[in-house]
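Subject: Handover of a structure and the findings from it

Dear colleague,

Please find below the structure that I am passing to you, together with its sequence. I should be grateful if you would keep it open while reading the notes underneath.

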Amino acid sequence: MRDGFWMTLFPFVMCALVWFVSRVRAKDRKKVCALIMILTSAVELAAALNLMVCDLRGISVGVFEVPGVGGLGLHFMYSGFRGIFGVLTAFAWFVTALFSYDYMKNDTNVIKYDMFNLMTLGATMGIFYAADLFTLFFFFEIMSFTSFVWVSHRQTREALYAAGTYLGIAVAGGMAILMGIFIVHGWLGTISFDRIYECAVVMMTSGSKTDRTWLYVAAGCMFVGFGAKAGAFPVHVWLPLSYTEAPAPATALLSAILSKTGIFGILLVTLDVLPMQGSWGAFILMTGIVTMVLGGLRGVMSGNLKTTLAYSSMSQIGFILTGVGMQSLLAEYLLMAAGAAQTGTWAVEGEAAAEIAKAFGMAVNGTLLHMLNHSLVKLVLFMAAGVIFAQVGSYELNQVRGFGRRKPFLLATFVLAAAGVGGIPFLNGYVSKTLLHESIAEYGALLALAERGSIQSVFAATSAMMRVVEVLFLFSGGLTVAYMTKLFVVLFVEKNSDKKVQEAYEAKKEYAAPGSKLAIGVCALPIPFIGVLPDLVAGPVAKYGLVQFGLSDLLEDQLGNIRYYSLKNIAGALISIAVGAAVYFIVVRLLMLRGISSGRKAEGYHDIFPAWIDMEKYVYRAVFYTAVPFVLGIISRILDSIVDTAVVLLRKTLYRDRPLPYELPEGNRVTHRIGSGMERVRLLYYAIMQKEGYEPKNYEHKLAMKGTDLFENLRIIERSLSFGLFMFCMGLGLTMIYLLLVN
């Protein structure tokens with residue numbers, strides 16, 4: 001997989017070129033750096049497509065190793081899933097680079113943005129083409145630190161605050177992933193994706209309860225890190241502020257691509273580390289449900305365009321996590337059904353077996369397709385938000401109100417993306433959400449069938465639980481429709497409260513550069529094609545990108561048996577649309593637009609989500625910035641007092657001072673001897689020179705005072721923290737030198 005390595009390395013090389021250009025004092029260096037960014041992403045896209053073509057032609061790409069890095073080496077591999085997201089990553093960087101060319105041309109920090117943008121591209125490619133957990137972690141950490149600069153780019157107080165939260169969550173998540181990798185390596189003996197699944201299956205079937213528990217611990221640790229990057233509840237707190245403060249092109253990449261690296265990690269944990277474990281699938285499913293409902297509610301109640309889109313991303317990540325959980329639950333069902341059929345306790349054959357395989361295939365395909373669909377629509381929506389911000393200078397709904405009127409291109413692309421993510425029929429989001437919804441409904445029916453056979457105790461879920469999940473799934477789809485309707489009405493239907501501002505908005509004809517329109521339009525084009533021709537577009541893509549874990553043959557037979565536009569499937573979308581209409585009129589029109597319910601003139605949109613439920617401020621920062629330092633300070637004070645008490649006790653008992661045979665009046669033996677000697681020499685000098693008026697100089701006292709001062713200063717240095725740190729660094733340095741010489 002040499003191509004994957006070069007695709008990872010190439011952006012870092014081009015980053016060095018951007019740095020070199022930035023050192024040259026030229027007028028057009030910003031333009032040159034932007035062109036380098038566009039060229040690099042175009043080359044990456046061509047290389048990713050070439051790699052996919054080679055794989056489709058049957059040309060083996062294998063595994064490529066870069067030995068010596070970190071002691072374990074870096075390993076790269078290719079699969080259909082990796083190939084699809086490699087192409088999607090390069091495509092997203094290419095269109096956002098086109099968009100950034102005009103959007104950020106007047107930005108003072110554009111060169112720094114381009115440099116870190118290239119490094120983030122290389123790191124993201126390294127994640128998707130990683131062949132083991134160490135390679136994935138290596139590039140995951142690089143990506144976290146380079147994308148941190150996106151969030152802090154504006155250098156405002158709010159941006160730095162958001163960047164601090166982003167970096168704190170990223171560092172904590174990275175350490176959690178590393179701990180999980182240590183546990184996986186310790187208990188499975190490997191971190192290679194080719195072998196983890198086989199070793200995990202053996203441990204799950206023949207290992208002890210302790211072995212399985214440790215794998216769950218490892219999965220939990222890695223879920224914290226990957227879930228944080230994805231924006232899953234409860235480690236989502238960095239997402240709204242970071243998305244709002246980062247530049248629009250960076251926010252588009254954060255939502256469309258970087259969140260998918262977190263989902264990629266969760267998929268690997270779910271399908272390789274804990275294969276076919278229903279309890280883990282139930283946990284992921286519940287996390288996904290909470291994430292999509294909470295994100296949807298916050299999106300509906302937000303009075304800011306970009307913050308609404310940020311919570312929309314969180315909600316859609318919840319839909320994807322729901323699909324991941326369903327994969328694990330249905331894989332468990334397949335395993336249990338096969339075992340029951342072999343023992344004769346439960347007959348699963350014919351149509352029943354086909355229904356299980358079909359539901360499982362819908363969960364797998366729905367997850368993959370919704371990841372792709374979400375990336376496309378968020379590229380469009382965040383770039384459109386960037387166009388609006390460039391003209392208005394604000395994301396507040398009351399400020400952008402009416403901007404989209406008489407702007408057909410912005411209207412068409414925004415409506416396609418908003419309706420697509422809302423699951424409206426004949427658009428891309430409908431296809432993936434239908435697959436996910438039907439997998440939930442089918443699984444609930446299968447559980448009901450199993451419960452009638454009195455074997456429900458072996459499954460991690462119940463049919464009643466799945467009915468609740470289905471209701472919340474459709475309700476969350478309605479929340480998506482509600483907040484997208486809110487944005488559509490604000491931008492394209494309502495007029496600004498200031499008539500002069502509205503006239504200025506409607507007079508703007510050249511509101512976006514041709515390159516920006518091209519970038520938005522190219523991303524919007526696939527949205528209707530995937531929805532209108534799901535069997536020709538979505539089906540082959542899902543088939544090529546199937547996550548392989550031993551059931552690919554079974555899944556391939558089910559891809560053509562899905563009727564996307566049956567009355568049953570359309571009914572689910574209509575329920576979500578009806579829920580969305582009700583939520584929009586109750587929450588947005590009656591609550592956010594204050595005074596509407598009483599018949600008075602509206603005062604504008606207001607964020608109505610209670611401020612006291614801010615987890616980032618009142619939970620994470622309160623705990624880690626206040627409570628934890630306070631508790632640790634008390635513990636440290638107690639330990640310090642214990643040590644002081646022990647020292648005093650030892651000095652008074654075992655190590656009490658012994659009296660000297662005689663004690664000098666002051667100083668020590670050295671100062672006493674030198675001082676008395678100097679006094680005798682001076683007395684001898686006066687006797688030889690026959691001088692009179694000899695007076696003692698008291699050298700002994702002076703030397704005693706100097707000695708006391710010197711030794712007291714040395715003791716102060718020894719007791720100081722800086723001296724301890726200095727000695728620690730000296731010891732660490734000597735240890736490192738020793739290890740280098742030995743190895």
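The notes that follow cover the chain as a whole, its pocket and cavities, two helices and three residues.

This is a predicted model, in which local features need pLDDT of at least 70 and side-chain atom pairs count only at pLDDT 80 or more, while totals for chains, interfaces and linings use all residues. Residues are numbered from 1 along each chain as its sequence is written, and side-chain values use heavy atoms, with hydrogens and water left out.

The chain as a whole

The chain contains 27 helices and two strands. Both are DSSP runs numbered from the N terminus, helices being H or I over at least four residues and strands E over at least two. Of its 743 residues, 52% count as buried; buried means under 20% relative accessible area, exposed over 50%, and partly exposed in between, with a 1.4 Å probe and protein chains only. Among contacts (heavy atoms within 4.5 Å) between residues at least 6 apart in sequence, 80% join residues at least 24 apart.

The largest pocket

Pockets and cavities were sought on a 1 Å grid over the protein atoms alone: a cavity is a set of points where a 1.4 Å probe fits but cannot get out, and a pocket is an open set with protein on both sides within 12 Å along at least five of seven lines. Lining residues have an atom within 4 Å of a point. Grid points are joined across faces, edges and corners, and a volume is the space filled by probe spheres set on the points.

The largest pocket holds about 770 Å³ of space. Its lining consists of 31 residues, with Pro240, Leu241, Arg298, Tyr311 and Asp614 nearest the centre. Two or more lining residues come from each of α6, α9 (239-245), α11 (278-301), α12 (305-343) and α24 (615-652). By class, the lining of this pocket has 15 nonpolar, eight polar and eight charged residues. Here Ala, Val, Leu, Ile, Met, Phe, Trp, Tyr, Cys and Pro count as nonpolar, Asp, Glu, Lys and Arg as charged, and the others, Gly among them, as polar.

The cavities

There are three cavities of 30 Å³ or more. The largest encloses about 140 Å³, and of the 14 residues that line it, Lys433, Leu474, Gly572, Ala573 and Ser576 are the closest to its centre. Helices α16 (428-452), α17 (463-493) and α23 (567-592) each supply at least two residues of that lining, which divides into five nonpolar, eight polar and one charged residues.

The second largest cavity has about 80 Å³ of space. Its lining includes Phe140, Glu141, Tyr166, Lys229 and Trp238. At least two lining residues come from each of α5 (133-151), α6 (157-188) and α8 (209-230), and α6 gives the largest share, five residues. Six residues of this lining are nonpolar, four polar and two charged.

Two helices

Helix α10 (residues 248-273) has 26 residues, which at 1.5 Å a residue should span 38 Å, and its end C-alpha atoms are 36 Å apart, which agrees. The expected span is 1.5 Å times one less than the number of residues. α10 bends by about 40° at Leu254, the bend being the angle between axes fitted to the seven residues ending there and the seven starting there. Because 26 of the 26 residues of α10 are buried, this helix is largely enclosed by the rest of the structure.

Helix α4 (residues 110-128) should span 27 Å with its 19 residues, and its end C-alpha atoms are 27 Å apart, in agreement. α4 is mostly covered, with 17 of its 19 residues buried.

Three residues

Thr89 lies in helix α3 (residues 80-103) and counts as buried, at 0% relative accessibility. Beyond its neighbours within four places in sequence, Thr89 is in contact with Leu121, Thr124, Met125, Phe128 and Ile257.

Val300 is in helix α11 and is also buried, at 2% relative accessibility. Not counting residues up to four places away in sequence, Val300 touches residues including Leu479, Tyr483, Val583 and Met592. The C-alpha atoms of Val300 and Phe609 are separated by 9.2 Å, although their positions lie 309 residues apart along the chain.

Glu503, in helix α18 (residues 499-507), counts as exposed at 57% relative accessibility. Glu503 and Phe403 are 100 residues apart in sequence and 9.5 Å apart in space, C-alpha to C-alpha.

With kind regards
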